[in-house]
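Please examine the sequence and the three-dimensional structure shown below. The report that follows describes the fold, the helix packing and a few selected residues.

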Amino acid sequence: MIGIRFIKMAVIYFVIGVSMGLYMSIVHSYTLTSVHVHINLLGWVSMAIIGTVYCLFPAAASTKLAKVQFWLYNIFLPIMMIGLAFVVNGNEALIPAVAVGGTILVISVILLAINIIIHVKPGTNHNVGPNHTTYL
């Protein structure tokens, strides 16, 4: 299920983001703060929320749109983050990687929005049990 994949990827980004924060505080160098913040927000928080939404609404998760959105997000977020790491360290040659990665990431989020607007409907596709217990 695509929701579980998003959650598993989110946890990986959480480990990376927290490890970056620890490293930066140990060496007292905060050059990569913007990368650290983006990894935590776009990698950990956003992907965990997206995964939870897809787990709660399997009608949206089972679409081709969800799969395309997953792959665009997971291919272009690392491209954007690696490019940003180089850019903040003075390598402006990778600005296009940040721009392309960020643009495709926004397209992925727009696909998520379209998918949710089309396939999430009240009372019809929650993954909810008989006692209003949500199964994830």
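Which residues are buried in α5? Ala97, Gly101, Gly102, Leu105, Ser108, Leu111, Leu112 and Asn115 are the buried residues of this helix, where buried means under 20% relative accessible area, exposed over 50% and partly exposed in between (1.4 Å probe, protein chains only).

The model is predicted: local features need pLDDT of at least 70, side-chain atom pairs count only at pLDDT 80 or more, and totals for chains, interfaces and linings use all residues. Residues are numbered from 1 along each chain as its sequence is written, and side-chain values use heavy atoms, with hydrogens and water left out.

**Overall fold**

The secondary structure of the protein chain consists of five helices and zero strands, in which helices (H or I, at least four residues) and strands (E, at least two) are DSSP runs numbered from the N terminus. Along the principal axes, the C-alpha atoms of the protein chain fill a box of roughly 55 × 30 × 20 Å. Of its 136 residues, 35% count as buried. Contact means heavy atoms within 4.5 Å; among contacts in the protein chain between residues at least 6 apart in sequence, 73% join residues at least 24 apart.

**Helix α5 and the core**

Helix α5 comprises 25 residues (95–119) and reaches 36 Å from its first C-alpha to its last, close to the expected 36 Å. The expected span is 1.5 Å times one less than the number of residues. The cover over the buried residues of α5 includes α2 (33–56), α3 and α4 (64–88).

The largest nonpolar core contains 25 residues, and those with the most contacts inside it are Phe6, Tyr54, Tyr73 and Leu77. Such a core is a set of buried Ala, Val, Leu, Ile, Met, Phe, Trp, Tyr and Cys residues joined through side-chain atoms within 4.5 Å. The elements giving two or more residues to this core are α1 (2–27), α2, α3, α4 and α5; α4 gives the most, with eight residues. Tyr54 touches, among residues beyond four places away in sequence, Met1, Phe6, Ala60, Gln69, Leu112 and Asn115, to name some of them.

**Packing of α2 against α4**

The axes of α2 and α4 come within 10 Å and cross at roughly 170°. Axes are lines fitted to C-alpha atoms, for helices over the stretch in contact, and angles run from 0 to 180 degrees between N-to-C directions. The two helices α2 and α4 are therefore roughly antiparallel, a term for angles over 145 degrees. Residues of α2 including His38, Leu42, Met47 and Tyr54 take part in this contact, as do residues of α4 including Gln69, Tyr73, Leu77 and Met81.

**Selected residues**

The table lists three residues with their locations and accessibility.

| Residue | Location | Relative accessible area | Class |
|---|---|---|---|
| Asn40 | helix α2 | 17% | buried |
| Ala59 | helix α3 (residues 58–61) | 29% | partly exposed |
| His28 | loop between α1 and α2 | 63% | exposed |

Leaving aside neighbours within four places in sequence, Asn40 is in contact with Tyr13, Phe14, Gly17, Val18 and Val45. The C-alpha atoms of Ala59 and Val120 are separated by 7.1 Å, although these residues lie 61 residues apart along the chain. His28 has a positive phi of about 55° although it is not a glycine.

Conventions. Parallel < 35°, antiparallel > 145°, perpendicular 65-115°, else oblique.
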